[in-house]
Amino acid sequence: MPNKARAPYNFVPFSNRILTRYASEDELPRHDRIDPELKSGEIHVTMIADTPVFVSDGNKHFYRTPDNTSAIPGSTVRGLVRENMQILGFGRVRAGEDLDDYQIFFREMAAARGSTGNDLKQYYHDVLDVQSRKSPSGKTYSIPENVLCGYLCRKGNSYFIKPTNGKYLRISRSHPFFKEVGQDAARTMKVSYTSNGDAIKDIKRGNISGMMQGTLLFTGRPVGRIPNHLYVFPEADSNAEPVPISETDEISYKQDWEARQNSLKAYYDVNFWALPKEGEEKPVFYIRHEEHTYFGMSLFLRIGYRHSMAEGLPDKHKEKAGGELDYPHAILGFADKDRAFRSRVSFEDFRLISETKESNEIKTVLGEPKPSWYTGYVTDAKNYTDDDFKLRGYKQYWLHEAEAAKPPEGKEDAAFLSTLRPLPEESKFSGVIRYKNLNEDELGLLLWTLRLDDGCYQSLGMGKPYGFGRMRVEIDSLREYDFAKLYSLDSLNGLSYQEGKEKVGTYISAYEAFAEQKFFGEVDNSGKKKKNRTIRGQANIQDFFFLHREIRRKEDVSYMDLKEYQNITAPLETIKDVRESQTQEEKTDEPDLSKMTPMQRALYEAQRKKKGG
């Protein structure tokens, strides 16, 4: 049996179509007036927790309003609506705005033969030119021949590397100085030394006359293992040309460092790996490859995949956008170098309205999904070195029962643990979303992103990998401004609106009709629409609603342990794979209707209809 990848999340595919709502910014409604021909009003919404929910205030407690009421911030609701609108509204994915665009770093040394990482392991070895050598004692070790050493420096807003005057030297574990210095804490220090070829003979702290000067680098004890070698870097070569660090490589290093902070801080001071400050320099290993400079404080350093993330978007999304606007940007606003437009929708905080309180604290490991896991993020068992790699899509979490992972034994109070104090199931939050100058189809899409379809849930807050934050959403009221009363005496009595909740479905249908007309044109001669020529019939929309409806078993959507990661032989199943497999299982479980009595068949059909079958 193949060792399939699994995760608490999956990906709704990016659409190969982009739905343009306005040809240019000039077509957008003006903000300085309320247009009576368009829709303006309020959506009153209740969110009910189906599993415990936690939205942090940044200080280990649930977010609170200035009057000390627990609440879901309006910005959180806006973020949820925007991503849903990207999917349901077929929005353009803009690199740098909707998708971080940088080179992902990796180090692949331990992939098993036949696993999905074996080819990448060979690529890594080729770039570093990893060779096997034998020590004087006869032991075999690996050495990356292409890796150089130098000092990473900063001048103003730019970084560069000063090459050393010679190759780095290693201090073996048997050297007395190793026992003195090679303890847990990562550090650097100025040293004086003498050498015999690549080996250190004598070494002292500080500046000793008559000895060579350099800097010692120790990156700390690997987790669960004895310390590595200590490295000595000779002084910088004053005659060598500095190696410049491009802005692209600087950003990629920062992104990699920030993504690894949670795992690093469990055992080390994360600032040890930070870029140097002005006037500071740090010893680093580095390599030049395909016009990039990769650097780090490990001999087997992390290098970048050949391609950046945005290169894996569908071709339609990589095309340079002109003045046209999709639904998310037209409704929720945008700002770029040349133009800006304010949102026509505002979100207030959703305040707690039920008599519930924070639970006792839960300490757990919140494993943040990382794009470096190409087995999950990239289609067709490819990775970011493949020229034709494609990203899977929008990452969203599966629904399942809530249960936080327990901290590792002996690490119950470790710094890398996250503290959750969730509000319990059935906690209710109420809030208002105000909209201005929307067309019917735009209002319909906004309502759809909130309500979704029958039987669907939203997910928000922290702990989603463990089933927290599953929310039911109810639209309590749709209040449309009544322009006949808005400027009359009735408005003084709060009667300047009319209730339009019964129109929610009508507005959603208006969006679907508008989008289908844009994509597919008119219906056929029979007046019917074929399934693949409807919005709901599109594979990505079906995947989206399947993921938001199905409550799965925890064991099928849990994080994998390290051993499982290293031995994956089959990539993460797509949502389409999962839903088609489930459909097939349901068909297999269908009873034989021919063997039922008329009454049994009638009862079975009624039950199936009730379930939506």
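1. Let's start with asparagine 437. Its relative accessibility is 2%, and buried means under 20%, so asparagine 437 counts as buried. You'll find this residue in strand E28, which covers residues 428-438. Have a look at the backbone too: phi of asparagine 437 is near 55 degrees, a positive value in a residue that isn't glycine. Most residues other than glycine have a negative phi. Keep in mind that this is a predicted model.

2. Now try leucine 452. Phi is positive here as well, at about 55 degrees, and again the residue is not a glycine. Where does leucine 452 lie? Look in the loop between helix H9 (440-451) and strand E29 (458-459). Leucine 452 has 0% relative accessibility, so this residue counts as buried.

3. Next, zoom out to the whole protein chain. There are 15 helices and 32 strands to find your way around. The chain has 613 residues, and 47% of them count as buried. Its exposed area is about 31,500 Å², with carbon and sulfur atoms supplying 46% of that. If you take the contacts with a separation of 6 or more, 75% of them come from residues 24 or more positions apart.

4. One open sheet deserves a closer look. Its five strands come in the order E15-E9-E8-E16-E17, and the pairing is antiparallel. Why do E15 and E17 each have one side without a neighbour in the sheet? Strand E15 (243-245) and strand E17 (292-296) stand at the edges, each with a single partner strand, so one side of each stays free of a neighbour in the sheet. On average, neighbouring strands here are turned by 40 degrees against each other, ignoring direction.

5. Inside that sheet, follow strand E8 (residues 148-155) and strand E16 (residues 281-289). They run antiparallel, joined by six bridges. For a landmark, find tyrosine 151, which stands opposite proline 283 in E16. Then look for helix H4, which packs on the sheet and touches E9 (158-163), E15 and E17. The direction of H4 makes about 35 degrees with that of E17.

6. Finally, a quick check on H4 itself. This helix has 13 residues (247-259), and at 1.5 Å a residue it should span 18 Å; the end C-alpha atoms are 18 Å apart, so the two agree. Which residues of H4 are buried? They are Asp249, Glu250, Ser252, Tyr253, Asp256 and Trp257. Looking down the axis of H4, you'd see these buried residues fall within an arc of 165 degrees, so they line one face of the helix.

Notes
Residues numbered from 1 in each chain as written. Predicted model: local features only at pLDDT ≥ 70, side-chain atom pairs only at ≥ 80, totals over all residues. Heavy atoms only, no water. Helix = DSSP H or I, 4+ residues; strand = E, 2+ residues; numbered from the N terminus. Expected span 1.5 Å × (residues − 1). Buried < 20%, exposed > 50% of the residue type's maximum accessible area, 1.4 Å probe, protein only. Arc of directions from axis to C-beta. Pairing = 2+ DSSP bridges. Axes fitted to C-alpha atoms, helices over the stretch in contact; angles between N-to-C directions. Contact = heavy atoms within 4.5 Å. Areas by Shrake-Rupley, 256 points an atom, 1.4 Å probe, with all protein chains shown as cover.
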